[in-house]
Amino acid sequence: MAAILISEVNQVITVSRMIDLAWDADPPARARGVVHNHVHRLRQLLVGQAEIATRGQGYVLLADPCAVDVNRFRYLVSNAHEAEPRTAVAKLRQALGLWRGEALADVPGERVRRTLGIGLTQARVAALQDLGSKLLMLGRYGELITELTAWLAEHPLHEELTALLMRALQASGRQAEALDHYHRTRRHLKDQLGIDPGPALSETYLAVLGGRSAAAPPGSERPKAGPGPGPGPGPGSGSGPAAPYGSGRPSSPPPSVTQLPPRIADFCGRVREIVALDQKLDRLPGPDCVVLAGGGGAGKTTLAVHWAHCHKAEFPDGQLFADLRGFERPPMRPDTVLGMFLRALGVPEAKIPEPLTERSALYRSLLAGRRMLVLLDNAGTAEQVRPLLPATPGCLAVVTSRRRLSGLVVRDGAALVTVGPFAADDALELLGNVLGRPRLAADPAAARALVERCDRLPLALRIAAARLMAHPDWSLGCWTGKLADERRRLQELSAHDADLSVEASLYLSYRALSSGAARLFRLLGLHPGPDVDVHAAVALTGRELDRTRRHLAELCDAHLVEEQAQGHYVRTELVRIYAEQLVASEETPADRDLARQRLRDHAARYRPRRC
């Protein structure tokens, strides 16, 4: 129990989830009592150090997050993303130094280790990859070789880290050792998993075998200078003088880059939004920007990446991509993103200016006269995006956000495209793409009920489909019946991963609200039904009309409510259920009772009288 609470410090964990994690097989009949007893003993042990509070149907460990190693690790890794390479190396080393063996190795219970430990191990490997990339960038090959050799001795099947080690060995003049590591890994993969190396490791092998520079990813080498058309030598290419990077445009064009994430194969729907994006493309070559705004889990990123791949040919000079992490803590800073973009565009590290304004000016100079797509995902504010917008004809910026980013629309002329839930037919198509048409055809009524209980939200639909794929013996009717219980619906719509649950997605939007809007959102959980008018909202909060309208506008901007008619707002079922859980766990019984009484008094004043 302690491991479960500590792994998600300051987050409410329901008793049901604790039971699911604690018992590998069927839990005992008195499982809830066992959990309560364990929590009671933990409270006694933690007196004066931390507090375990009861919240609704679960518990939360209240403590300084950085007092827990796993949170300290995440904090350091997050800070490293924003730092320049040398500082990032120090932070990543500090983060990785917190590890002592495998995650949760001494915790009893296979399910706890599997569910909570896998994500931690993946984060550790990702940090090690990031450290390796930074060391490679800085030319510190000896350190990198030492780090990776030790890790791969225990994890010989990790292809990405093997590729990094090969690049470091080749850059150190040890080509034979690099090739030997490849063949050794290939044999391990074949013997233990029955597979061949993936594309990244295979490309690294070909690069090393061909003597191409292993200090850069395969395929990133610039063409050599020569007669005839085509770009000349790039900066630092060694085949001519480096192009001057300063306030003006360099004498050689930047290299083409392709940073788009992979698109999903079963994309469907979104005809209206795609038409809107196509119309923006038709307006080029004027500089342009479009904002795809919608609630968490609406599929904004999936749509943007799909559309970008379909139109790569329209942007022959490249596509830039950045996850701005606008609703995470901390978000990506614009100067950090500009540094990433400038490096991708061929600017040497030493030539990247420090001030944000100078980075933005150099970035726009490099894009001048080119046709490039800039995909800025998960933006938090207009201020985070504005320095990253191209300023010359031929480029298009596509921004995704949970907010409408009205500042970009008003000041920068951006177009706004709202990405809402799927239409019912598109939601059914997505389920059919994932589960197969025969499974839906076996019970079409249950399939229709399922998409409605998922609010036709792509994230919820994919999670539901994943759960059904994991249990081929479950019928659609059985699974839909599980979701009928509103007290468990959000819990069921979870892939048991903090990043893959409807509740976690809603929490990110809720956390970004001002305190007044957050309180209104919670109190709306006391209002029956999906729709509410502004005067009922005033009654719930006990605040004046103008302030309540501002807070409702903020909830609309965050796509937590939608204004259907002036002064009338609606919520989806999942949002309503989440608000009900929040008001039960975060408002005191006295405050809830007062809000309900104000709402009853309001209803009595406006109840139609009988003749």
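Asp455 is found in the loop between helix α19 (444-453) and helix α20. In this predicted model, Asp455 is a good place to start. Its phi is positive, about 60 degrees, although Asp455 is not a glycine. Asp455 is also buried, with a relative accessible area of 12%.

Follow its contacts next. Pro421 touches Asp455, and also Arg270 and Arg456, when neighbours within four places in sequence are left aside. Pro421 itself lies in the loop between β9 (415-418) and α17 (424-435). With a relative accessibility of 41%, Pro421 counts as partly exposed. Gly295 is 126 residues away from Pro421 in sequence, yet their C-alpha atoms are 8.8 Å apart in space.

Now go along the chain from Asp455 into α20. This helix covers residues 458-470. Its 13 residues should span 18 Å at 1.5 Å a residue, and the end C-alpha atoms are 18 Å apart, which agrees. Buried residues in α20 are Pro458, Leu459, Ala460, Leu461, Ile463, Ala464, Ala465, Arg467 and Leu468.

Compare helix α7, residues 141-154. Here 14 residues reach 21 Å from the first C-alpha to the last, close to the 20 Å expected. The buried residues of α7 are Leu144, Ile145, Leu148, Trp151 and Leu152. These cover an arc of only 145 degrees around the axis, so they lie on the same side of α7. The spacing fits a general rule: an α-helix has 3.6 residues a turn, so residues three or four places apart point the same way. On the other side of α7, Thr146, Ala153 and Glu154 are exposed.

Step back to the whole chain. The protein chain has 611 residues, and 46% of them count as buried. Its secondary structure comes to 28 helices and twelve strands. Among contacts between residues at least 6 apart in sequence, 67% join residues at least 24 apart.

Where do the nonpolar residues gather? In soluble globular proteins, nonpolar side chains tend to be buried together. The largest nonpolar core here has 81 residues. Val398, Leu450, Leu513, Phe521 and Leu555 touch the most other members. Take Leu555 as one of these hubs. Beyond residues up to four places away in sequence, Leu555 touches Leu513, Ala517, Leu520, Phe521, Leu524, Leu560 and Val561. Another core, of 37 residues, lies apart from the largest one, and includes Phe73, Val77, Val125 and Leu161.

Phe521 leads on to the aromatic rings. The structure holds six aromatic pairs. In one of them, the ring centres of Tyr510 and Phe521 are 5.9 Å apart and the planes meet at 40 degrees, so the pair is tilted. Tyr510 lies in helix α23 (residues 502-511) and Phe521 in helix α24 (residues 515-523), so this pair ties together parts that are eleven residues apart in sequence. Both rings belong to buried residues: Tyr510 has a relative accessible area of 8%, and Phe521 has 0%.

Tyr510 has a second partner, Tyr578. That pair is edge-to-face, at 6.3 Å centre to centre with 85 degrees between the planes. Tyr578 lies in helix α27 (residues 573-586), so its pairing with Tyr510 in α23 ties together parts that are 68 residues apart in sequence. Tyr578 is buried, as Tyr510 is. Tyr510, Phe521 and Tyr578 form one aromatic cluster.

Aromatic rings also meet charges in this model. The charged end of Lys482 sits over the ring of Trp474, 5.3 Å from the ring centre. The charged end of Arg371 sits over the ring of Phe315, at 6.0 Å from its centre.

Finish in another loop, the one between β6 (318-323) and α13 (334-344), where Pro330 has its place. The peptide bond from Arg329 to Pro330 is cis, with omega near -5 degrees. Arg325 lies in that loop between β6 and α13 too. Phi of Arg325 is near 50 degrees, a positive value in a residue other than glycine. Like Asp455 at the start, Arg325 has a positive phi. At 11% relative accessibility, Arg325 counts as buried.

Note on methods. Residues numbered from 1 in each chain as written. Predicted model: local features only at pLDDT ≥ 70, side-chain atom pairs only at ≥ 80, totals over all residues. Heavy atoms only, no water. Phe/Tyr/Trp six-rings, centres within 6.5 Å; stacked < 30°, edge-to-face > 60°. Helix = DSSP H or I, 4+ residues; strand = E, 2+ residues; numbered from the N terminus. Buried < 20%, exposed > 50% of the residue type's maximum accessible area, 1.4 Å probe, protein only. Lys NZ or Arg CZ within 6 Å of the ring centre and 35° of its normal. Expected span 1.5 Å × (residues − 1). Arc of directions from axis to C-beta. Core = buried A, V, L, I, M, F, W, Y, C linked by side-chain atoms within 4.5 Å. Contact = heavy atoms within 4.5 Å.
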